[in-house]
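Please work through the exercises below with the sequence and the three-dimensional structure at hand. Each task is followed by a solution in steps.

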Amino acid sequence: MLKRIWLWLGRLLGRLLLATVALGLAGWAIGALYYQSKYSGPVSTEEEIAPTEVADTQAIIADAIAVVEQHSENTRVLRDAHAKAHGCVRAEVSVRAELDADLRHGVFSEPGKTWQAWVRLSNGNAYPQFDRIKDARGMAVKLLDVPGEKLTADPRHAGEQDFVMFNHPVFFVRDVAEYRSNFAAQAQGKKALAFFPSADPRSWELRHLLIALQTLAPAPESPVATTYSSVAPYRLGPHNIKYRVIPTPEQCPDYRLPEQNRDLPNFLRSALYRQLSLDRAPACFALQVQRQNAEYYMPIEDTSIEWDASISPFETVADIRLPPQDFDSPEQNLACDNLSFNPWHALPAHRPIGGINRLRKAVYEAISRYRLERNGAL
Ligand code: HEM
């Protein structure tokens, strides 16, 4: 009797297991088919502007000003994002001597040319916190004395070409409408819930929640030891591109950074100081671009999608060198805080494209003006 019960139980469990595996496989196949059809090329090479974009942008600016005000108690008014700098350092950006003629546009027109630049390295959060806390890390590069008419009318930025990046290849929202609803929910203290705006499962953004969680990553060993991506697309002459900056220590004299004490609140600044100021060792990077191949799913209007580098590999256009230097003085830190980086400080040959970049134009200008005025720096 007991034996029969055991056999029956065994058969039942076996069937249950088989059914679960079959169900899992079917779910996986349906998901794969859905994503393949949803995320497949060809895609447009042109921008597509949603009718609600202007209204969404105004609402986002109002929310962003509320956020900077929240964090300005007893301090200067800081940036709404990337508030904490590890340092602003001088840099040299040299166009590759053998650059492909097809990529010679804007500041990359002249092979061998070296631009002087500022590089600001930052944590992504809206207020300064310990570096060991998971976060995105930012790199903003400002080329100086760049001739030619720019996309911004502001005479203070007439000679500048900026590149603004962080160290994750994708953004946690696709477009301006999603940014508005997500940002408003986050401003109300909702975190993961911001990705589930209604009870309707079709509005749930599970993939975007995963991107947000991956973006908030442990700190690299130094701000010069991680890859920074443009995330959003740009023009490069006739091409649509994304760009990134990768560390190239092999281009610099051999240097090993001593291990830093990650319990110190500002160990990323200490790492930069140790390398550039104490050990007088330069840091090297390559600036690379990735061209859009519109036959594949490389959209302009969705920053949550990574362009596949196996289809469209990155090509190095310039080398960036941070020479040994003293950067950590009160004067330079204040001057750094008063700088404004903006993807729209750019030549028309480097025009930012896509909804998230169009949004950034209005928001960066508004927040920068607001904080500089409040800090008496305008
Ligand atoms: C493509 C995705 C994005 C990247 C790679 C990015 C990266 C950065 C970086 C690195 C900074 C610091 C610049 C500096 O060092 O001064 C910054 C600042 C800022 N970001 Fe973004 N960001 C992105 C999207 C956005 C979006 C969608 C918004 C809001 C709509 C936004 C709002 C801001 C603001 C307000 C600042 C401060 C501007 C200032 O006061 O000067 N960012 N961003």
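The exercises that follow concern a predicted model.

**Exercise 1. The overall frame**

Task: Describe the secondary structure, the extent and the domains of the protein chain.

Solution.
- Step 1. The secondary structure amounts to 7 helices and 9 strands.
- Step 2. Along the principal axes, the C-alpha atoms occupy a box of roughly 90 × 45 × 45 Å.
- Step 3. The domain assignment divides the protein chain into domain 1 (1-38) and domain 2 (50-374).
- Step 4. The centres of domain 1 and domain 2, taken over C-alpha atoms, are separated by 46 Å.

**Exercise 2. Burial, surface and contacts**

Task: State what share of the residues counts as buried, what area the protein chain exposes, and what share of the contacts comes from residues 24 or more positions apart.

Solution.
- Step 1. The protein chain has 378 residues, of which 46% count as buried.
- Step 2. The exposed area is about 19300 Å², and carbon and sulfur atoms supply 58% of this area.
- Step 3. Among contacts with a separation of 6 or more, 76% are made by residues 24 or more positions apart.

**Exercise 3. The disulfides**

Task: Determine how many disulfides the whole structure holds, which cysteines form them, and where these cysteines lie.

Solution.
- Step 1. A disulfide is a covalent bond between the sulfur atoms of two cysteines. The search of the whole structure returns 2 disulfides.
- Step 2. One disulfide is formed by C88 and C336, with sulfur atoms 2.0 Å apart. This pair links distant parts of the chain: C88 belongs to strand β1 (residues 85-95) and C336 to helix α6 (residues 330-337), 248 residues apart.
- Step 3. The angle about the S-S bond of C88 and C336 is 65°, and the link is right-handed. Both C88 and C336 are buried.
- Step 4. Another disulfide is formed by C252 and C284, with sulfur atoms 2.0 Å apart. Here too distant parts of the chain are linked: C252 lies in the loop between β7 (239-247) and α5 (267-278), and C284 in strand β8 (residues 283-291), 32 residues apart.
- Step 5. The angle about the S-S bond of C252 and C284 is 80°, and this link is right-handed. Both C252 and C284 are buried.
- Step 6. With bonded cysteines counted along the chain, the disulfides follow the pattern 1-4, 2-3.

**Exercise 4. A nonpolar surface patch**

Task: Identify which residues make the nonpolar surface patch of about 1000 Å², and decide whether M1 counts as buried or exposed.

Solution.
- Step 1. The patch is made by M1, L2, I5, W6, W8, L9, L12, L13 and L16.
- Step 2. M1 is located in the segment before α1 (2-38).
- Step 3. M1 counts as exposed because its relative accessibility is 74%, where the cut-off for exposed is over 50%.

**Exercise 5. Backbone details**

Task: Find which residues are joined by a cis peptide bond, and examine phi of H82 and of R280.

Solution.
- Step 1. The cis peptide bond joins G41 and P42, with omega about 0°. P42 is part of the loop between α1 and α2 (53-70).
- Step 2. H82 has phi near 55°, a positive value in a residue other than glycine. The position of H82 is in the loop between α2 and β1. H82 counts as buried because its relative accessibility is 19%, and buried means under 20%.
- Step 3. R280 has phi near 50°, again a positive value in a residue other than glycine. R280 occurs in the loop between α5 and β8. With a relative accessibility of 39%, R280 therefore counts as partly exposed.

**Exercise 6. Two buried residues and their contacts**

Task: Locate D56 and A294, and name the residues that each contacts beyond four places in sequence.

Solution.
- Step 1. D56 is part of helix α2. Its relative accessibility is 7%, so D56 counts as buried.
- Step 2. Apart from neighbours within four places in sequence, D56 is in contact with V176, A177 and R180.
- Step 3. A294 is placed in the loop between β8 and β9 (315-322). A relative accessible area of 16% is the reason why A294 is buried.
- Step 4. Residues up to four places away in sequence being left out, A294 touches P42, V43 and T45. The C-alpha atoms of A294 and T45 are separated by 6.4 Å, although these residues are 249 residues apart along the chain.
- Step 5. P42 thus appears in two exercises: P42 is touched by A294, and P42 is joined to G41 by the cis peptide bond.

Methods
Residues are numbered from 1 along each chain as its sequence is written. This is a predicted model: local features need pLDDT of at least 70, side-chain atom pairs count only at pLDDT 80 or more; totals for chains, interfaces and linings use all residues. Side-chain values use heavy atoms; hydrogens and water are left out. A disulfide is a pair of cysteine sulfur atoms within 2.5 Å. Helices (H or I, at least four residues) and strands (E, at least two) are DSSP runs, numbered from the N terminus. Buried means under 20% relative accessible area, exposed over 50%, partly exposed in between (1.4 Å probe, protein chains only). Domain bounds come from an automatic or database domain assignment. Patches are made of residues with over 30% relative accessible area and no salt bridge: like charges are joined within 9 Å, nonpolar side chains (Val, Leu, Ile, Met, Phe, Trp, Tyr) within 5 Å. Accessible areas come from the Shrake-Rupley method with a 1.4 Å probe; for residues, only the protein chains shown count as cover. A salt bridge is a side-chain nitrogen of Lys or Arg within 4 Å of a carboxyl oxygen of Asp or Glu. Contact means heavy atoms within 4.5 Å.
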